[in-house]
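Visitor: I have just opened this entry and could use a walk through it. Could you start with how the copies are arranged?

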2 protein chains.
Amino acid sequence: MIVAMSRYDRSAFPPFAVTVDLVVLTVREHALCALLVRRGEPPFQGYWALPGGFVRPDEGLAEAASRELAEETGLRAHSTPGHGAAGAHLEQLATYGHPQRDPRMRVVSVAHLALAPDLPTPRPGGDARSARWAPVAELLGPGQTEGVPLAFDHGEILADGVERARSKIEYSSLATAFCPPEFTVGELRQVYEAVWGVALDPRNFHRKVTGTPGFLVPSGSTTTRQGGRPAQLFKAGGATDLNPPMLRPES
Amino acid sequence: MIVAMSRYDRSAFPPFAVTVDLVVLTVREHALCALLVRRGEPPFQGYWALPGGFVRPDEGLAEAASRELAEETGLRAHSTPGHGAAGAHLEQLATYGHPQRDPRMRVVSVAHLALAPDLPTPRPGGDARSARWAPVAELLGPGQTEGVPLAFDHGEILADGVERARSKIEYSSLATAFCPPEFTVGELRQVYEAVWGVALDPRNFHRKVTGTPGFLVPSGSTTTRQGGRPAQLFKAGGATDLNPPMLRPES
DNA sequence: GGAATAGTGTCTATTAGACAATATGCT
DNA sequence: AGCATATTGTCTAATAGACACTATTCC
C-alpha cells in the first residue's frame, strides 16, 4: 500500500484526515439526551463536543464508529433493531467536510447516529475526559438558534442526528432501540413522547403498536413498575419497517 | 505522510484520499437511468463506473459534487426542489470507506445523489471518457444480484442511491426534479411509474397530486404533447414535503 | 374507596383505491 | 367516427383521532 501510494503524484491526492463523530441519543427521565464530552485541549478547549476520533488506517467507517461507541459507553453496536441490553443501534448519519470546520487542518468527519437504552451506569468518560448526558432541548434552541454552542460544527451535526431520529421512529421500529430488552407499551409510548416532545393518546397508541404485525412480541410476563394495573412486557419483533407509519401529531 | 501511515501515532493523522462519487439519475423513455462513465485506466480498466473525482484541498463536499456534476453533465445543482431546466437536485447520499475498496490506496468516497430531467443533449463525457445513460433495471438484478458489475463498490452505491430516490419521492416533491420546468400531471405520473416500476391509476394520481397544497402550481397553459385531450401544464410548487405521502403500491 | 395505569370498544371524519362517466384534442 | 389522454365524480373499505368504559394493581 505504501509502495502503491508513492507511485502516484502526491498533488493528485490531497491528503485529508478522516474522523468519526457520534451522536449518541438516549431517553432519560422523559427527555431526549445526547452524550457530550468536554474538550481538554485546543481548539475549543473547555467546550462540549460530540465523542469521536480518527479512523485508523486499517478499519472501516462503521468499525471506527463502533469502536468509539464502545470506548465512550461500553455499548456494543447493532445495525439492526430488536436487540436490547448492552447493545445500541448504530447507523451512518452524514459526512461533514467544510474546509474550515477544523482550524488545524482539513478534516472530514463521518458522523454516525447511535440510539441507546438508558444506561444504568452513565460511565462518565472512557478516557478520563468528563462526559455527560445533555437534554437536547437545552442544546437546540426553539428556533434554529442553538442554546449552548458546541465545538466545531457539532451543533449542526447534533441537530441533523436528532432530526434523523425523530423522523425515523415514524416509519421504523427503531424506537425500541431506546428501550431495555423487555418493555411495556407505556414505556415505548414515553419514548415517542420524549423524542417528539408531544403527548400521545395512550389508548390509540396501544391499539396502533399492538396491531402492527412484527413490531412487538409479548414476552409472557407482566410488570407493575409503572404503577397501576400490571402491564404486559414485550420484546422488539423482527419487523424493521412500520407500515403504515406512526404519525407524528401537529403535522 | 508515509512515515505517519507506517505506524499509528496519537499525534499524527493517518492520511486518506477523499473523493466524491455521483449517482446521477434521470428518466428516459419510461425507464430510470443512471449516468455511467467508462474507466480508461486501471484498476477496473474498461469497467463502467459512477462519475466522480477527488475533493480539492479548498472546496467543500457539496461543492466538489456540484463541480463534478457540472463537468459531467453541464447541469447546475440545487439542493431545493422547484427548479427545472438546466438544474438538478443534488444531495449527499452516504460515505463509503472500506479499507480495501480501492486497491491503490485508502480512499473514502462521499457519494452524492443527483436527480436530473431528461437531457436533450446526452453529452457523452465531459473529459473524453465515454459515458452513457444505463437503465438501472439492467444494472441491478431482480434480487440483490447485480446484472453488470461496476467498478469498485459502485454497484452498492448505485443501489443505495436508487433506493434513496425511490423512497424519497414518496414523502417529498422530489419527483419534479426529473421533470422539465413545466410538465403535465401525466408526465409526473410517468416519473413515479418509471422510478417505482409500477403502474399507477391516472385518475387517483391526478386527484392526489392536484389536491396536495403547494405541490403543483398551474402555469396557465396547456399542451397536447402526450396526445389526447390537452393537459394543464404545472410548475413545481414551493412545498418540499408531501403530507400525507404518495403511497407506493404493493407494500 | 381512590388513584393510577392498562387495555377494549365505539363513533366519526378522512382517505386510498376501484372504477364509471364525461371532456377534448388528434387522425 | 374512433382513439387517446385528461379530468371529475362516486362508492367502499380502512384508518386515525376522539373518547367512554372496564380491568387490575397499590395506597
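Guide: A rotation of 180 degrees with 0.0 Å of shift along its axis places chain A on chain B, with an RMSD of 0.0 Å, the superposition being made by least squares on the C-alpha atoms of residues with pLDDT of at least 70 in both copies. That is the relation of a two-fold axis. Please keep in mind that this is a predicted model, in which local features need pLDDT of at least 70 and side-chain atom pairs count only at pLDDT 80 or more, while totals for chains, interfaces and linings use all residues. Residues are numbered from 1 along each chain as its sequence is written, and chains are lettered from A and ligands numbered from 1 in the order in which they are written.

Visitor: OK, and how many residues does the contact take from chain A and from chain B?

Guide: The contact takes 30 residues from chain A and 31 residues from chain B, where two residues are in contact if their C-beta atoms, placed from the backbone, lie within 7 Å. On the side of chain A that touches chain B, the elements giving two or more residues are α1 (2-6), β1, β6 and β7 (107-115) of chain A; helices (H or I, at least four residues) and strands (E, at least two) are DSSP runs, numbered from the N terminus. That side has 18 nonpolar, eight polar and four charged residues, with Ala, Val, Leu, Ile, Met, Phe, Trp, Tyr, Cys and Pro counted as nonpolar, Asp, Glu, Lys and Arg as charged, and the others, Gly among them, as polar.

Visitor: Why can you say that the copies meet through the same surface?

Guide: Because 97% of the interface residues of chain A are also interface residues in chain B, the copies meet through the same surface.

Visitor: Which strands are joined by bridges between the chains?

Guide: Three bridges join β1(A) to strand β1 (residues 15-28) of chain B, and these strands run antiparallel; two strands pair if DSSP finds at least two bridges between them. Pro15(A) stands opposite Ala17(B) in β1(B), and Ala17(B) in turn stands opposite Val107(B) in β7(B).

Visitor: So what about β7(B), is the pairing with β1(B) parallel or antiparallel?

Guide: β1(B) and β7(B) pair in the parallel sense over nine bridges, whereas strand β6 (residues 87-96) of chain B pairs with β7(B) in the antiparallel sense over seven bridges. In that second pairing, Thr95(B) stands opposite Val110(B).

Visitor: And is that strand enclosed or open?

Guide: Nine of the nine residues of β7(B) are buried, so the strand is largely enclosed by the rest of the structure; a residue is buried if 20 or more other C-beta atoms lie within 10 Å of its own, exposed if 12 or fewer, and partly exposed in between, with C-beta atoms placed from the backbone. Both faces are covered, with Val107(B), Ser109(B), Ala111(B), Leu113(B) and Leu115(B) buried on one side and Val108(B), Val110(B), His112(B) and Ala114(B) buried on the other.

Visitor: Zooming out, how is chain A divided?

Guide: Chain A is divided into domain 1 (14-170) and domain 2 (173-236), with bounds that come from an automatic or database domain assignment. The contact takes 17 residues from domain 1 of chain A and 16 residues from domain 2 of chain A. On the domain 1 side, the largest share, four residues, comes from α4(A). As for the chain itself, chain A has six helices and 10 strands, and 36% of its 251 residues count as buried.

Visitor: Switching to the DNA, which residues come nearest to strand D?

Guide: Of the 25 residues around DNA strand D, Arg229(A), Gly186(B), Arg203(B), Gly228(B) and Arg229(B) come nearest, a residue being near a molecule or strand if its C-beta atom, placed from the backbone, lies within 6 Å of it. The largest share of that surface, five residues, comes from α6(B), and the residues there divide into seven nonpolar, 11 polar and seven charged.

Visitor: And which ones for strand C?

Guide: Of the 25 residues around DNA strand C, Gly186(A), Arg203(A), Gly228(A), Arg229(A) and Arg229(B) come nearest. There, α6(A) gives the most to the surface, with five residues.

Visitor: One last residue: where does Phe234(B) lie?

Guide: Phe234(B) lies in strand β10 of chain B, and Phe234(B) is buried, with 22 other C-beta atoms within 10 Å. Not counting residues up to four places away in sequence, Phe234(B) touches Glu182(B), Phe183(B), Val185(B), Leu216(B), Val217(B), Pro218(B) and Ser219(B).
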